[in-house]
Structures are given as C-alpha cells and as structure tokens.
Amino acid sequence: MSKKFYITTPIYYPSASPHLGHAYCTTMADIIARGKRLRGFDTYFLTGLDEHGEKIEDNAKAAGVTPQQFVDNVATKFLSLWDTMKISYDDFIRTTQPRHVQTVQKIFSRFVENNDVYLSSYKGWYCVHEESYWTDTQVVGENHLCPECGRPCEEKEEPAYFFRCNKYVDGLLKFYDEHPNFITPVGRKTEMVNNFIKPGLNDLCVTRTSFDWGIPVKEAPGHVIYVWLDALTNYITALGYLQDDDSRFQNYWMDPDCEIVHLIGADITRFHTIYWPMFLRALGLREPSRVFVHGLMMMKDGKMSKSKGNVIPVPPLVERFGVDAVRYYLCREIPFGQDGQFTPEQFVDRLNTDLANNFGNLVNRTISMIIKYFDGVIPAYQGELNALDAALKETAEKTIRSYEVLNDDLKVTDAYAAVMELVNAANKYIEDSAPWALAKDPTKKEELASCMSHLANVIFLSGTLLSPILVTKIPEMYDQLGVPVEMRNYEAATHFGSLGGVTVKKGNPLFPRLDVKTEVQFIVDLMNAPKEKAAA
Ligand code: ME8
C-alpha cells in the first residue's frame, strides 16, 4: 500500500489580487505535492480561499458590491494565477461553499453540546486587518497598535461565545513535547510557548455580533462564527468531514500513518499551532503531523505586500521567463523556512547560472555529442569502465538518497540543490573525460560510448528529479533525449543505466541564456509600474 500524504496551503483572503508572495507558498506546496506523487505517494493537495470576515465585508462595501460578488471576482484572479503557475491542487475550497458552511455549523454545535464553548461578552482591542482581538498587554503603545501589522486597533465589546482553551492547554504542551517536529523550524515553537502560552492563554472568542459576513451560529441568531474558527476547519471540511461522503476524510485524516502537512507563513503560526490543535482535540481528532512555517518574500523595503505597494505581479514574469523559471527561482533562491529577498539581479543570475549554463547546457552538449559520435543513438549502458564513470554513478546514487531524505524532511531547497550538484558533477565529468579526445582515438570507442551513456543517464535522472519544479521543460527534455513514454517515471529514472538504445533529437535550448542588462531592466520596469500608475 502506498504511503499517504496530505498537504495544504493557507486559504488566502480574497481581499486583493494575489502576488508573488502568495504564489511563493502555493508553488512550494505544489513542488512538494508533485515530488511525492512522482515517488508514488497517495497525495492530496488542498488550497483555497478564506472568504468571510469583516475585512471582506468592508472591502465589498467600498467597491459597491455584495461580499459574495466581491469574493467571486477575486476568486477568479486566484484561480487564474494558479493556472498560470501550473498548480496541481486536488481541491480548491472556498469557505462560502455550502459544504463548508454546513460542516462548520455542525462543528460549532458539537462544541456547544460538549461544553467546549460558553456564552459571555468580549471586550478587547480589535484589528480589522488581522481579524484578531488583542489584550491590553499585546497592543503596542498609546495608540493601541496591532502587534502583527502595526495598524491602530479599535476597542470593542460584544456578546460572544468563547472556546475553553484552558481545557486543552496542558494537552497541547504535552503534544508539543511528544512531537518535536510538529512546528518547524523549531524556533517558532519556542516563540509560541514563550509569547502566548506561558503568559496565560485566554479563552478564545469564537463568535461575532458586530457584522454579518460570516457563518451564522444556529444556536444564537445574530452571531456569526469567528473567521479563524471558520477558516482553520477548511482542512477537514474539504475532505468531507461530517458530510455524506467522507471517504477522503477517512482515507487521509483518519489514517494515523498519513503525513499531514500545513504550509503557512509566520504571520499565522499562532492560529495553526495553538488553536487548531485544540479545536481538533475538542472534536476528538488527530493533530496534523507538521506545521511548516515558510519564510516571507521580502523586497528591499520590507515584506512584499499589497498594502506596501511593492508587489511583483506574477503573470508578466511568467510570460517573459516561462513558468518553470519562476518556479525554479522561488524554490532554489529562497531557502525554505527562511525569509528571502527578491532582487531582479539575483533572479536573472539564478536562472542563467543554474538553468541555462548548468542544466540546459549539459543537455545541449550531451545531445550534440551523441549525434556527432553515435549518429544520435544513446549507447546501451555497459556498467562503469573507469574511475570517472564509477564516481559519477556513485554521485548519482547518493543524490537519489539525499533527494528523498531531504524532501521527506521538507528541506526542499536543499533537495533541489543536491540535484544541481549532480548536474555540476556531470559537467565536470565531461571536462575530465574529454570525449573529444576519446573520439580521435579508435581504440577508445568503448570508453566514449560509456561516457555518453553515463551522461544521458545522469540527465534522465536529474531531469526527472527536477520535474516537480520544471513542469513544462522536462517533458520537452524527455522528447529531446528520446525517453520512451513508458519510461518517463521515477522508477525508470532512478534505475541508473536504464536509458540506452534510443535516438536523441536536437531541439531548442531548454533555457536560453538571458541578457542580464535587458532582463534586469524588464523586471525593474515591472516593479515600478504600480507606483507610476498610482502617481498618475
Ligand atoms: O492569513 N511572502 O490569509 P492571507 C511569502 N486567510 N508568503 C506570503 C507573503 C509574502 N510576502 N504574503 C503572503 C490569511 N504570504 C488567512 C489564512 S488559513 C486557515 C487562513 C502567504 O491572504 C503566507 O503563506 O493573509 C501567509 O501565511 C499567507 O500568505 C497569508 O495569507
């Protein structure tokens, strides 16, 4: 039976158009999901939108449309971006869908029945932007600024239901201890414990009466369910929890051996690592295996965000450089789990160095040599003839192991860096083996054949390992290398030496070299376009 893997992204607020920051998280989730599918895991990949809450209601009002019209409009932009980025999600949940709304109401009723929530009234500092209440000690300075986004909070009092956090806090700490990998990177766990749990965790306010755009509480007319309770449960409602067909929920969530990973940005760690496990406990359900906190895409002037006006629109970037290049940049340039700064120079440099000079060039050179020396037919693999062959094969096999271990540990950037090291090693192998010299000596025909077959097999392997990122170029590479359709899979590619006797076909370079000056200017213009538009 194949191993199971369930991965999710945050469900984004459709309050504005998506940008490269959103694309970053979803693309990384996609690369991870495709990597698991490639290796035969039973994989399910969920993304979607968090469509309720006061912020959406306010935005819709400002735009002169209903909240539903507003979110329907922004949803098409997200869907179109995921199409552009070739995101292979299995489901796209929107929290306004009846399947979600009805299930959240059932979940809330369970909380009422089990005495996990109680009715009281809430007074606190509310940040509309973060959809969060803060206490007197959490708001910053005299103006009561939101500790998360720095905007002023407003003081509010309203009747509300509260979730009994105290009932679950000890269990949560025990769970952290028993599952040291639950929050990654680990520094984030210390932050949660010291900043939120140790100072004393208040019961969480889980309904609102001050606005309407939310899921109504059946037990209390006038109350809508707090957007974070509504949002977090998407991870189970999308699988069919408490619905007629709950086969996916049973297959993934209820299988203790299924690895469940939530990918999130640091801004929403508190909700995912404190409240979400508590809600699950209250429902008698298992916790996710891991909450992986990825870094933020930064610009020179701070976090890339719509409100800062420093966002990079994705479609023109993809149109110019290709979707594979943008995906590769995101995965390889920003160490997964750390913040990364976008600069046009590094973007162009990364593509030139890794894709054009290193990988693309290896493919090009090898195919040209096979055409020149063997009429285009890849010699059958005969084992390793010399020390150089043996060393290359050993590196290839080591790479497969690292790729699997690093990917399984979500060290995704390192996993792909390891593949690039193999590609580097193959380029160096060409220099060391000097096939042009072997070709001049008729007694070296066998060594020349071995050299070509080693190169073709390293390309077959490294291209396949890169296929979760390079989703359009690897099929092209397979065509150029003459890989039969039935061999375009992980098993064949990791069986070193399986490729031989097939005919290569010279095609266009997979990744043409970019002119640094022209392309940097193109991106700079793209970055300036919104500012110019705003000024006009
Ligand atoms: O918080 N760099 O939605 P949201 C990297 N609806 N990632 C970024 C980013 C950047 N500059 N900007 C945004 C919400 N993100 C809730 C989530 S989940 C049950 C509910 C990514 O639209 C990052 O993953 O504000 C961050 O956590 C998420 O978008 C926040 O999206």
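These legends accompany close-up views of a predicted model.

**View 1. The ligand and the residues around it.** Welcome to the ligand site, where 25 residues surround the bound molecule. Ile 11, Asp 50, Asp 267, His 294 and Met 297 are the closest of them. Sorted by class, this shell consists of 14 nonpolar, eight polar and three charged residues.

**View 2. Backbone atoms facing the ligand.** Here we pick out three backbone approaches. A nitrogen atom of the ligand has a backbone N or O atom of Ile 11 at 2.8 Å. For Tyr 13, a backbone N or O atom is 2.9 Å from an oxygen atom of the ligand. Gly 21 also takes part, with a backbone N or O atom 3.2 Å from a ligand nitrogen atom. On its own the ligand has 680 Å² of accessible area, and the protein covers 94% of that.

**View 3. Secondary structure in the ligand shell.** Which elements give two or more residues to the shell around the ligand? Two are strands, E1 (4-12) and E11 (259-265). The others are helices H1 (20-38), H7 (227-232) and H8 (234-237).

**View 4. Gly 340 and its contacts.** Now have a look at Gly 340, which sits in strand E15 (residues 340-341). Is Gly 340 buried or exposed? Its relative accessibility is 8%, under the 20% cut-off, so Gly 340 counts as buried. Apart from neighbours within four places in sequence, Gly 340 has contacts with Leu 296, Met 297, Met 298 and Ile 334. Among these, Met 297 is also one of the residues closest to the ligand. Lys 189, 151 residues away along the chain, has its C-alpha atom 21 Å from that of Gly 340.

Technical notes
Residues numbered from 1 in each chain as written. Predicted model: local features only at pLDDT ≥ 70, side-chain atom pairs only at ≥ 80, totals over all residues. Heavy atoms only, no water. Near = heavy atom within 4 Å. Polar contact = N/O pair within 3.5 Å; in protein donor to acceptor, adjacent residues only side chain to side chain. Areas by Shrake-Rupley, 256 points an atom, 1.4 Å probe, with all protein chains shown as cover. Helix = DSSP H or I, 4+ residues; strand = E, 2+ residues; numbered from the N terminus. Nonpolar A, V, L, I, M, F, W, Y, C, P; charged D, E, K, R; others polar. Buried < 20%, exposed > 50% of the residue type's maximum accessible area, 1.4 Å probe, protein only. Contact = heavy atoms within 4.5 Å.
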